[in-house]
Amino acid sequence: MNDLTLIRKSLFRKKTRAILLILSIMTAFLIFGALASIDRVLNSSEELSRADRLVTVNKINFTQTLPYAYWGRVQGVDGVQAVTHASWFGGYFQDVRNFVQAFAVDMDSYLEVYPELEITADQRAALAERRDCVAVGADLAEQYDWNVGDRFPLSSNIWRQDNGSSAWDVEVCAIMTITGQDLPTNYLLLQYDYYNEALAFNRDQIGWMIMLTGDPGLNDGVSQRIDEMFANSPAETETTTEAAFSQAFVEQLGNIGLILSLVVSAAFATILMIVGTTMVMAINERTKEVGVMKTLGFSSSRIFTHVLSESVLLSLVGGLLGLGLAVLLLGGIAQVAGGQLPGLGVGRETWIQALGLMLAFGLVTGFVPALNAMRLKIVDALGKE
Amino acid sequence: MTDVLYELTDLSKKYTRGKESVAIFEDLTMTINRGDFIAIMGPSGSGKTTLLNLLGGIDKPSGGQVVCNGLRIDNLSQARLAKWRSSHVGFIFQFYNLMPTLTAAQNVELPLLLTKLSGKERKRRVQTALEVVKLAERAKHRPRQLSGGQQQRVAIARALVADPDVLLCDEPTGDLDRATADEILETLQLLNSELGKTIVMVTHDPAAAKYARRELHLDKGRFVESGAMA
């Protein structure tokens, strides 16, 4: 027997109560894990944003396209180090429910503007050689079990080819990861030329442009120069930072971050109060036992540590179960969503945040009962003369 | 080594109830020798348990000194007192006060968690203590699976396992029938006569007091020694 045995035995002294408490905490962390992961997927592009990266879109709306020629003109703007463009493809694989987040891009300049995208040298060479080659994010590749060399028709629910088909035959030539980041790589890049030349309509248009300035201090000037350049043209532009663009994109779905914070905070506050009150009651019930332990020679500080550890253990057991359930639930949602939310899962950052919250939750709910137990006088506890 | 284990000098204890100060006893002076088995009797509220608490360092006197084994304990900090108690005193309570979630063996092992003994040595000591109280075969039972007398024997084993200088017993047979009480008292008597354990026992029961070597009657804050037995 050791102190951990004692802590564990005390925690499960009343099994029903302990199980109900664990279920409460589990529910809180299930909500946290699920919502944080969904938020993470929706905001992953925002997290990837660089302060010196700008995005130019059509001033009317970013769903409106821009002429391809703009790309060449922006390359000469003072302060622009590199510029690329991307177009929303609206892809799916085999069935319209198997959503694939795909962009048609100029591969060389795109990889220059997004240096964090890691592709091996030989895969990069393959992309340069063949126009039907696509680069697939590692998460997306895992989802559809795609490997380098696999060929498949990538369909679009927006675009159609001259020949009436809405599918572009592509081959996976590269699998992308993101350097040093725990972010989902849940999208596919196909080559603009290959996509554009077959289009039945809207040819020589691009969705948006992305620029590197190399210095956030240059952003305002560059934005102004680009937007002035295209002022009074049929397609006026609006240039913002990449972070603002990503945020605006996500906010189409509502303020997910705010909803997440409100739901999680409400769940946590409620459960914190329930668990905190129950812990105080549980320790009060054990007043005599605490007194006996002190009589035997257990110091007040050791008693304090025991009670606090009990509360932290409760929180960890409930929290880990909740997060484990979130993993299963998200796996299920990902399957049902059929690729609508690729990369969905409890990420490393969510695990770290949750573990921190579990510890904090345990310490907060256990502090008052631990303090009461520490201060308890043996004579009062034993209830004698 | 001197034969004197405890020296109480001018000991007083007062409680404050509202604005009133109530003296339990004043200027109490006594010694307890090593190997003694003392029964302290007296009417309710005479301060028997309070005296036991002062001997065990779980309460502090209002005045005077408590010296045990040459160490003055009445002015030790709570942390030092806790450490002192763990190695010098074994407590036995009226209602056994066992941990309901632990087995008999785990209850007995509890005080040994405060020592640096290895797990193997702890197990050996627990086994020995349970054999002394004739409960080795019930080592894995939880308190609710044991009778009152068996629970009290587990409590005795727990008090004994760290090999303390003194066993302080507060009405150890108060919750037991006569026959079981006699068994417990015989065990205490055996611990005193065979292992030389010093025992101080508070009791209301004159029959229980007869098992002690000395009976002390505490009345109105004064001791009246009423006799000794062989």
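Helices are DSSP runs of H or I with at least four residues, and strands are runs of E with at least two, both numbered from the N terminus. This is a predicted model, in which local features need pLDDT of at least 70 and side-chain atom pairs count only at pLDDT 80 or more, while totals for chains, interfaces and linings use all residues. Residues are numbered from 1 along each chain as its sequence is written, chains are lettered from A in the order in which they are written, and side-chain values use heavy atoms, without hydrogens and water.

**Exercise 1.** Place Thr278(A) and decide whether this residue is buried or exposed.

Solution.
- Step 1: Thr278(A) lies in helix α11 of chain A, residues 256-285.
- Step 2: Buried means under 20% relative accessible area, exposed over 50%, and partly exposed in between (1.4 Å probe, protein chains only).
- Step 3: Thr278(A) counts as buried because its relative accessibility is 14%.
- Step 4: Setting aside neighbours within four places in sequence, Thr278(A) is in contact (heavy atoms within 4.5 Å) with Arg17(A) and Leu21(A).

**Exercise 2.** Describe the interface between chain A and chain B.

Solution.
- Step 1: Contacts join 23 residues of chain A to 31 residues of chain B.
- Step 2: The two chains bury about 2500 Å² between them, with 64% of it on carbon and sulfur atoms. Buried area is the accessible area (1.4 Å probe) that two parts lose on being put together, summed over both.
- Step 3: Four residue pairs, both at pLDDT 80 or more, are in polar contact between chain A and chain B. A polar contact is a pair of N or O atoms within 3.5 Å; within protein, one must be able to donate a hydrogen and the other to accept it, and residues adjacent in sequence count only if both atoms are side-chain atoms.
- Step 4: On the side of chain A that touches chain B, α1 (3-11), α12 (287-296) and α15 (378-382) each supply at least two residues.
- Step 5: The largest share of that side, seven residues, comes from α12(A).

**Exercise 3.** Place Arg214(B) and list its polar partners.

Solution.
- Step 1: Arg214(B) is in strand β9 of chain B, residues 214-219.
- Step 2: With 17% relative accessibility, Arg214(B) counts as buried.
- Step 3: The side chain of Arg214(B) makes a polar contact with the side chain of Asp36(B) at 3.0 Å.
- Step 4: The Arg214(B) side chain also reaches the backbone oxygen of Thr31(B), at 3.4 Å.
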